[in-house]
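Dear colleague,

I am passing on the structure we spoke about, and below it you will find my notes on what turned up when I went through it. Please read them alongside the model itself.

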Amino acid sequence: MSKSKTPALLQGQGIPNFSAITPEQVQEHIPTLLKALNKQFSQLEKDLEQLLASSTSIAWEQVMSPLYQLEQQLRWSWGVVSHLNGVCNTPELREAHAAQQPEVVRLGNLMGQSQILHRALRRLKEKPSRPLDSTQQRILKAELLSMDHRGVGLNGSVLEAFNAASEQLAELSTRFSNHVLDATQEWNLLIRNPEQVEGLPQRTLEALAFAAKEAGDHCENGEEPTADKGPWRLGLDMPRFIPFITHAKDRELRETLYKAQVSKASSGESNNEPLIKQVLSLRLEQAQRLGYSNWAELSLANKMAERVVAVEELLEELRAAALPAAQKELIELQACAKKHGAPEASHLAPWDVSFWAEQLRKERFDLDQEALRPWFPLPQVLNGLFGLCERLFGIRIKPADGEAAIWHEDVRFFRVLDRDGSDLAAFYLDPYSRPASKRGGAWMDECLVRSKDIDGKTILPVAYLICNQTPPQANTPSLMSFEEVETLFHEFGHGLQHMLTTVEHPQAAGINNVEWDAVELPSQFMENWCLDQATLAGIARHWQTGAPLPDKEFQKLCRSRTFMKGWDTLRQVHLAITDLRLHSDWTPELDLEPDELRRKLARTTTVIPPITEDRFLCAFGHIFAGGYAAGYYSYKWAEVLSADAFAAFEDAGLELEDQVQSTGTRFRDTVLSLGGSRPPAAIFKEFRGRSATSEALIRHSGLSANTADSRAND
């Protein structure tokens, strides 16, 4: 088949032609691809079997290279389908994705359980025809462990059960995610009484009125909705939920919204509670089939932490530091509410915390974060972010809209250039919330990985950068909250590690082969720059006047840096220990619902216990529909590394431009460049000159300095 006649979904290389890929093509062409890949893999097995029989040694190019090329064909095509399913979800695409997913899983199992391939990899490890470099050795070790985890050592009925469970887990993960998306879409509340939106910023009123207009609502006189007159449509997507729960004076409506949010996907056709028990039970069975006691042990086998006890030690250090701070913060919120004569002052509920925290923030720091949005228009934030990257890493980012196909009109395309003007990489940016078709949260994913084509030409990396921030309204650009700015920087940090890699082996290029609990290092590192004065000067300019953010507002942001950090840290610890215990302690025989286990843990990891309606686990996509199962602790583990990495710039002197640039070059040449080619602890030590400690994280968080050093390098 000539390249010009190759279906868009089977292109297998280069930038995808998103507009040409339809649900019908998924149904038609994925089976064709899977059939071809099965045939190719069978041929590879035959070639390897002959090689094993005729030679005592084996070369990298004889097994790893053809294996990667085969896997890459599947990764490219199925990756496009999965990507579109996350950003342009439709019933038709969802159905097509679900229909093909079992066969994709089966092919993965077939390859992961190939005895011939496993023998070839073992031979390559023991008797390579040429010595393997350290990166190849690390890749090979990871590949063998991956095959172990995919059931290569199983056989007979145990293998059959393992494969059936693998398919079922993949299907349950997709259903879980779809249920959360459906539940988010389904819950809406139309507000016509202006008193119920009292306290909301103008920007939020505009967004709620726009949502009403999109839903076909009208004023009672038949006019279209407006920010001033309404009606306003409330929803559970973050750009509407967070401003309302933070600013709305109507406590009863805050309660309604909060209860809808924490009970999301816990009833009706979108109920995820049965799925949670199924997923946990299947994971436990899978781990035990592979010789592990539980899923947590299996998960940690390929992470920095290595042992459950090491994770629990770090989480306990943070819990011990955060709990008294969070208790003090609650007392301060109660005092603030009492001063304002609020009847709920002595018994604040969860839907009161964000509201009174914002009131206290305004009083203590004279800081109204919503009022700062005009200084953070997306175009200016991007300019500042790109300027920081040029300053730190010597790269230049230029718009390239129109040079690549996109999946939605919101999407932009950029190219990344090196110091000498040569092409390094490219990325897509899809910044805005689209609750009807785009899953919530923010993420970076791979479009193309740095590698070589069959002619030896370098394929440059391309990233997807996805956010869910406040969309623009009419002639007003997307005016970002400071939290949305931090989220953009966070995802861009992931993108930088993907795009600035210099590793020539694609299996370890960028984020590939980086231990999961270290992969957040570059992303959290970038967040620190949001409060660097020189960086903020490039980010924060008023969208109408171009005036810089007043210095007094910058100082307020800095002073408020540790505000409610005890509360925030304790919440992360609560989620992390819940995840860990669900995957290490919970069993179907425990006679304890997963939600009940979470509530038991909440006694020592929350200040306000979860309310009766709280079924947060039903929307905890990180662990039930993502890659963070028994790994949610990774955010705090990596935060130890990222805070210590930023401290290197503080030690050098943030006001000393030469030192900032030289330290930035060292960070690029180690953390961003080396990716998964070496253990993250070794890469960090090369950058920092020593192992990481938690001192910088504790200092940045304003928590007790008595916390012991992190276990991040155990």
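A search of the whole structure, which is a predicted model, finds zero disulfides. For C389 the reason is distance, because the closest cysteine sulfur, that of C530, is 11 Å from the sulfur of C389 and thus too far away for a bond. C389 counts as buried, with a relative accessibility of 0%, and C618 is likewise classed as buried, at 1% relative accessibility.

As to confidence, the chain has a mean pLDDT of 94, and 98% of its residues reach 70 or more. The stretch to treat with caution is residues 705-714, where pLDDT stays under 50 and for which the model has 30 contacts beyond four places in sequence.

Salt bridges are another matter, since the search of the whole structure finds 49 of them. In general, side chains of opposite charge can pair when their charged atoms come close. One of these bridges is formed by R251 and E344, whose closest N and O atoms are 4.0 Å apart. That pair links distant parts of the chain, as R251 belongs to helix α9 (residues 251-262) while E344 sits in the loop between α12 (308-339) and α13 (350-365), with the two positions 93 residues apart in sequence. R251 also meets D352 in a salt bridge, here at 2.7 Å from N to O. Because D352 lies in helix α13 and R251 in helix α9, this second pair ties together parts that are 101 residues apart in sequence. The surroundings of these side chains can be read from their accessibility: R251 is partly exposed, with a relative accessible area of 26%, whereas E344 counts as buried at 6%, and D352 counts as buried at 0%.

A salt bridge of a more local kind joins R699 and E695, with 3.2 Å between the closest N and O atoms. Both residues lie in helix α25 (residues 695-701), four residues apart, which is about one turn of the helix. An α-helix has 3.6 residues a turn, so residues three or four places apart point the same way. R699 counts as partly exposed at 42% relative accessibility, and E695 is also partly exposed, at 44%. Returning to R251, salt bridges that share partners join R251, R254, E344 and D352 into one network.

Two points concern helix α3 (residues 91-112). At 1.5 Å a residue, its 22 residues should span 32 Å, and the C-alpha atoms at its ends are 31 Å apart, which agrees with that expectation. There is nevertheless a kink of about 35 degrees at Q101 in α3, shortly before the proline P102.

What surrounds M499, a residue of helix α15 (residues 482-499), and is M499 buried or exposed? Not counting residues up to four places away in sequence, M499 touches V416, L424, A425, A426, F427, P461, A463 and F492, and at 2% relative accessibility M499 counts as buried. M499 and A509 are 10 residues apart in sequence, and the distance between their C-alpha atoms is 9.1 Å. In helix α7 (residues 202-214) lies T204, which counts as buried at 3% relative accessibility; leaving aside neighbours within four places in sequence, T204 is in contact with P243 and E370.

Finally, some details of the backbone may be worth checking by eye. The peptide bond from G230 to P231 is cis, with omega near -5 degrees, and P231 is found in the loop between α7 and β2 (232-235). A474, in the loop between β9 (462-469) and α15, has phi near 50 degrees, a positive value in a residue other than glycine. A positive phi, near 60 degrees, also occurs at M564, again a residue other than glycine, and M564 is placed in the loop between α18 (551-559) and α19 (565-582). As for their accessibility, A474 counts as exposed at 85%, whereas M564 counts as buried at 8%.

With best wishes

Methods. Residues are numbered from 1 along each chain as its sequence is written. This is a predicted model: local features need pLDDT of at least 70, side-chain atom pairs count only at pLDDT 80 or more; totals for chains, interfaces and linings use all residues. Side-chain values use heavy atoms; hydrogens and water are left out. The expected span of a helix is 1.5 Å times one less than its number of residues. The bend at a residue is the angle between axes fitted to the seven residues ending there and the seven starting there. Buried means under 20% relative accessible area, exposed over 50%, partly exposed in between (1.4 Å probe, protein chains only). Contact means heavy atoms within 4.5 Å. pLDDT is the predictor's confidence in each residue, from 0 to 100. A salt bridge is a side-chain nitrogen of Lys or Arg within 4 Å of a carboxyl oxygen of Asp or Glu. A disulfide is a pair of cysteine sulfur atoms within 2.5 Å.
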